[in-house]
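Q: Could you take a close look at the surroundings of the ligand in this model, and then follow the account outward to the neighbouring strands and to the backbone? I would like one connected description.

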Amino acid sequence: MATNVAASRLQGTGANALELDGVGRQFGALTALSGINMRIAPGERRAVLGSNGAGKTTLFNTITGDFHPTSGSIRFFGEDITTLAVHERIRRGLRRTYQISQLFTNLTVRESIYLAYRGVSRNRFSLLRPRVSDSAMAQAESISHAVHLDGERDKTVGTLSHGQQRQLEIALALAGAPRFILFDEPAAGLSPTERRDLIEILNALPKHIGYIIIEHDLDVALRVSEYVSMMHNGQLFTEGTPEEIENDPRVQEIYLGGGHG
Amino acid sequence: MSDLPLSPAQKPAGARSWIETLGLAHILLGLFLLIYPAMASDFFLTQIGGYSLVLGMISLSLMLLAGYGGMVSLAQITVAGAAGYVVAIFGVNNSGVHGFGWPWWVFVPLAIAIASLVSALIGWIAVRTEGIYTIMITLAVATACFYFTQQNYALFNGFPGYNGLRAPEVFGVYWRDPVPFYYLCLAMATLAYAAVLYGARSTFGLTLQAIRDNPRRMRAIGFNVTAHKVFAWWLAGLIAGAAGVLLVWFNGRISPGTIAVGPAINILVIAIIGGLRHPIGPFLGAVVVTLMQTFAIDIIGAERFNTLIGLVFLLIVFISPDGILGLWERFRPQAGREDWRTFRTATKQVGNKGRKT
Ligand SMILES: Nc1ncnc2c1ncn2[C@@H]1O[C@H](COP(=O)(O)OP(=O)(O)OP(=O)(O)O)[C@@H](O)[C@H]1O
Ligand SMILES: [Mg+2]
């Protein structure tokens, strides 16, 4: 089975970046996630595919702590983070983006990235204005460059186009020193050109930064990840290389059969 | 009357003189306030000038929480009252209870420190809630404190509270005399106002506004949202506490009536009439309400006074949800209506050097 491939592939690699054991999440009577087991090596880039309502976003929410899982445990670089507060996980190097952009509409791009850097460094309570020479401000420059927002640094977030807001979502995840990032449908609503931009941005990330990307568009997913997990009805039902997944009849059934495979 | 009319588009980039940094409106306003004692009678100096500045400071502490943090508090007068009671208990009073007679330079910092801790404590309780529930819970705290001080004689001397509270004499000046008291209030209010204006663009100021805009995202970039909100309450407590000290020197007394529900709501009314978008708003509101309180009573009688305040409040909220500040924005020449962002860019221009437009 594909899971065995994953396991053997990762044998002997010390602590995994992410390790999920039997993670489940209930919303009342609804089981949004159940029995998720996942091992992701440091620097690995994984795509998660699945139909609408499969539980992909819920999976991210349990990893970042937006919701706590109702069962199972989560380890991040060997440390059990199952019950940690969200900000504690972020300070350990975990980052995420949101499927629906969660931004500070009244701040500028530069201020937003500055805050994202501040959130994982010291002087968070500083009552002084950030100096232009501040290293955090310098990082805001380079990150806005990395996500192709050089020209918009001093624009208010609320005035950005949808595509630019999606890019800023990524910028917020890159600030500080991320070790692992969860991208929740970063390509949602993007034009073909913006998609190409996105693929370029992701492929230009430093090699030590691993990520999971949720992506409906198989073509995008396959170009930015080396390994794919399929979710359905709150469960991970298969994992494999992009070719294995593409040729898996069950996957085709789900995608072609409108999500009721 | 404020720095609002500075449009970013008109500002040249690059170096600026101190006049530009400070803003012409600020300089004119400052000059007027400095020479005001030369024009005003003692009554106008103290009952209108000094009192407006004190009420403005208490409302400013609310503006900080509500405008930047999205947390509307009805307990700001309670925080000011905490400082007032410390002054009464550790300073000198005529009520024959406590009155340790400590020097002012000990009990004033102590009063402000205790008030800020009380504020942080109220904040710590209130930050679990949002929106209307924050108002409700702070109202509950304010009401509970009112009844507690009224019934507790051991510490708060119950219903009568404390009277005979005198401002200190320092450098041979009695600081409750009209002119010194006015300048004392002006100095404290200016300090608080400038601190809030500067702090709005500080790292913490940005943090607070970002939390107001999107707390979930703030957590997801590493911020402990609760801790930052409580810190904002602590800062607001410093301002309200300092104002509380001035308030008891102004009144010469403190009793549960000072921190009752009526005065608590009054602070909110002042802030909303003035406007919550800029720290000048609370002071504008305080002047309007103080003038109305002083003169409307003569014209329409004391019983109808609250009706009048209520009507003015409704009128302003109806015409302009942003209070007098919003009216200013709307009716000033050529600018038309501006959104929050343009407005903030304008205020930022005042203090932020080297930022290109
Ligand atoms: N906060 C919540 N409360 C109740 N039910 C929820 C909540 N969040 C998600 N769910 C439910 O959990 C299930 C999985 O939702 P989830 O958002 O994780 O799906 P998804 O795979 O991300 O789908 P999509 O592709 O549409 O983003 C859905 O049935 C959804 O209705
Ligand atoms: Mg989703």
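A: In this predicted model, the shell around ligand 1 holds 15 residues, and those that come nearest are Gly53(A), Lys56(A), Thr57(A), Thr58(A) and Gln99(A). One of these, Gln99(A), places a polar side-chain atom 2.8 Å from an oxygen atom of ligand 1. Asn52(A) also approaches through its side chain, where an N or O atom is 2.9 Å from an oxygen atom of the ligand, whereas Ala54(A) takes part through its backbone, with a polar atom there at 3.2 Å from a ligand oxygen. On its own, ligand 1 has 630 Å² of accessible area, and the protein covers 64% of this. Two elements of chain A, β2 (30-40) and α2 (56-64), each give two or more residues to the shell, and the largest share, three residues, comes from α2(A). Sorted by class, the shell around ligand 1 consists of eight polar, five nonpolar and two charged residues.

From the shell, strand β2(A) leads on to a sheet. This is an open sheet of four strands in chain A, with the order β2-β1-β4-β5 and antiparallel pairing. Its edge strands are β2 and β5 (79-80), each of which pairs on one side only. Strands of a sheet pair through backbone hydrogen bonds, and the sense can be parallel or antiparallel. At the β5 edge, strand β4(A), residues 71-76, pairs with β5(A) in the antiparallel sense over two bridges, and Phe76(A) has Glu79(A) in β5(A) as its bridge partner.

Turning to the backbone, most residues other than glycine have a negative phi. Two residues of chain A deserve a look in this respect. His148(A) has a positive phi, near 65 degrees, although it is not a glycine, and this residue is found in the loop between α5 (135-146) and α6 (162-174) of chain A. With a relative accessible area of 29%, His148(A) is partly exposed, because that value falls between the limits of 20% for buried and 50% for exposed. Asn233(A), likewise a residue other than glycine, has a positive phi near 50 degrees, and it lies in the loop that runs between β9 (227-232) and β10 (235-240) of chain A. Here the relative accessibility is 59%, so Asn233(A) counts as exposed, the cut-off for that class being over 50%.

Technical notes. Residues numbered from 1 in each chain as written. Chains lettered and ligands numbered in written order. Predicted model: local features only at pLDDT ≥ 70, side-chain atom pairs only at ≥ 80, totals over all residues. Heavy atoms only, no water. Near = heavy atom within 4 Å. Polar contact = N/O pair within 3.5 Å; in protein donor to acceptor, adjacent residues only side chain to side chain. Areas by Shrake-Rupley, 256 points an atom, 1.4 Å probe, with all protein chains shown as cover. Nonpolar A, V, L, I, M, F, W, Y, C, P; charged D, E, K, R; others polar. Buried < 20%, exposed > 50% of the residue type's maximum accessible area, 1.4 Å probe, protein only. Pairing = 2+ DSSP bridges.
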